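Work through the exercises below with the model open beside you. Try each task before reading its solution.

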Amino acid sequence: MRAETQNTVAEIEKSLELLAQRMDYETAPHRLEEFNARVEDPNLWDNPENAQKLMRERQMLVDAIETYESIKTDLSDNIELIELGEMEEDEEVVSDAEDAIKKLGAKAAKKELEALLDGEADSNDTFLEINSGAGGTESCDWASMLARMYVRWAEKKGYTVELQSETAGEEAGIKSAAYKISGHNAYGWLKSESGVHRLVRISPYDSAAKRHTSFSSVWVYPVVDDNIEIEVNPADIRIDTYRSSGAGGQHVNTTDSAVRITHIPTGIVVTSSEKSQHQNRDIAMKALKSRLYQQELDRRNADINAAHEAKGDAGWGNQIRSYVLQPYQMVKDLRTNHETSDTKGVLDGDLDGFMAATLALNVAGKSRSEAQGEG
């Protein structure tokens, strides 16, 4: 077996290990039997909501078992074919089996990545907020570049993007924008993007063509399912209405319909300025509940989300990722050290590599934490 194929086999075996770990393969058959017994209960559909949840959980387990066993069987079969082909000196059999293993490697890597998205709210839709930071006009322009980057990423995923609110910069770009991004695992993918993003480039606004450093913050939190109860005491919030205007075109709104809700105990502020006042109030309240829910998720997972909680100012010392356009081309994540020289691709929405690296890091951190807890 060639060295390249041996390396692919090793990677597939690592993926299988993670897939088994994520679904607890040893207990999976027993849990599936329990699901099957509950599905046969004639009273199951008396509560349609619980029934649908049960059916989804059962199907997820079935899919996980089938994926694991399919990859494991295909790997074993193709390794046997290579050994047989080498024994009989049949190069065609060996070549076909090695090609199959290469394709299997890509499939295993994809399934491994999907398995990382198993957090409590990972499958939910998400809210995404972008705020310009230190750097004035430069940072407002950088914030608009980030907004475009995430919209492009979401479109490539087939997600739906709704602009919730937007405040234009004084000279260029945006001071802030809030989006709702809808699609399976939208929050699971985007949650790793929370933090401060730093841009280094030759400023298009500087006649001396000097390099400038700009900062903008990105904050992500899940859209709360209707069946998750988040209580908000009316005495704890202040609701303001105001006149707002967007960046132009379809986002212009010059009526007093924009709504700002401030949660006094936490200082959380949410806004909506794209609908009628009644709709904006509803959207902003949902966003507030989602922020409070995110706060609870962060509290439960403080060891993993420490960087997200240490929000700080959008400036030096708080960045999670650097985007350098001059004097060289590089985007580097400071948490995982994942980097690429394809800055254009990243700014056009090619972010999966960065998200995957952070997801894997978080899983490793959780595993270490659990092991220490058991010790």
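**Exercise 1: helix α4**

In α4, the buried residues are Val94, Ala97, Glu98, Ile101, Leu104, Gly105, Ala108, Leu113, Ala115 and Leu116. Buried means under 20% relative accessible area, exposed over 50%, and partly exposed in between (1.4 Å probe, protein chains only). Helices (H or I, at least four residues) and strands (E, at least two) are DSSP runs, numbered from the N terminus. This is a predicted model, where local features need pLDDT of at least 70, side-chain atom pairs count only at pLDDT 80 or more, and totals for chains, interfaces and linings use all residues. Residues are numbered from 1 along each chain as its sequence is written, and side-chain values use heavy atoms, with hydrogens and water left out.

Task: find how far α4 reaches from its first C-alpha to its last, and compare with the span expected.

Solution.
- Step 1. Helix α4 covers residues 91-116, which is 26 residues.
- Step 2. The expected span is 1.5 Å times one less than the number of residues. For α4 that gives 38 Å.
- Step 3. The helix reaches 38 Å, close to the expectation.
- Step 4. Look at the start of α4. A side-chain oxygen of Asp90 comes to within 3.2 Å of the backbone nitrogen of Glu92.

**Exercise 2: two sheets**

Task: give the strand order of the open sheet of 3 strands, then that of the open sheet of 8 strands.

Solution.
- Step 1. Two strands pair if DSSP finds at least two bridges between them.
- Step 2. The sheet of 3 strands runs β6-β7-β8, with antiparallel pairing. Its edge strands are β6 (237-242) and β8 (268-272), each paired on one side only.
- Step 3. Between β6 and β7 (residues 258-263) there are 6 bridges, in the antiparallel sense. Tyr242 stands opposite Ala258 in β7.
- Step 4. The sheet of 8 strands has mixed pairing and the order β2-β3-β1-β5-β4-β9-β10-β11. At its edges, β2 (160-168) and β11 (339-340) each have a single partner strand, so one side of each lacks a neighbour in the sheet.
- Step 5. Strands β9 (residues 319-324) and β10 (residues 330-333) run antiparallel, joined by 4 bridges. Ser322 has Lys332 in β10 as its bridge partner.
- Step 6. Helix α5 (residues 137-157) packs on this sheet, touching strands that include β1 (126-132), β5 (211-222) and β9. Contact means heavy atoms within 4.5 Å. The direction of α5 makes about 45 degrees with that of β5. Axes are lines fitted to C-alpha atoms, for helices over the stretch in contact, and angles run from 0 to 180 degrees between N-to-C directions.

**Exercise 3: salt bridges of α5**

Task: which partner does Arg152 have in a salt bridge, and how far apart are the closest N and O atoms?

Solution.
- Step 1. A salt bridge is a side-chain nitrogen of Lys or Arg within 4 Å of a carboxyl oxygen of Asp or Glu. The structure holds 17.
- Step 2. The partner of Arg152 is Asp348, at 3.8 Å. Arg152 lies in α5 and Asp348 in the loop between α9 (343-347) and α10 (352-374), 196 residues apart.
- Step 3. Arg152 is partly exposed at 29% relative accessibility. Asp348 is buried at 14%.

Task: what are the N to O distances for Lys156 with Asp350 and for Lys157 with Asp352?

Solution.
- Step 1. Lys156 and Asp350 come to 2.7 Å. This pair is 194 residues apart.
- Step 2. Lys157 and Asp352 meet at 3.1 Å. Asp352 is in α10 and Lys157 in α5, 195 residues apart.
- Step 3. Salt bridges with shared partners join Arg148, Arg152, Lys344 and Asp348 into one network.

Note on methods: Polar contact = N/O pair within 3.5 Å; in protein donor to acceptor, adjacent residues only side chain to side chain.
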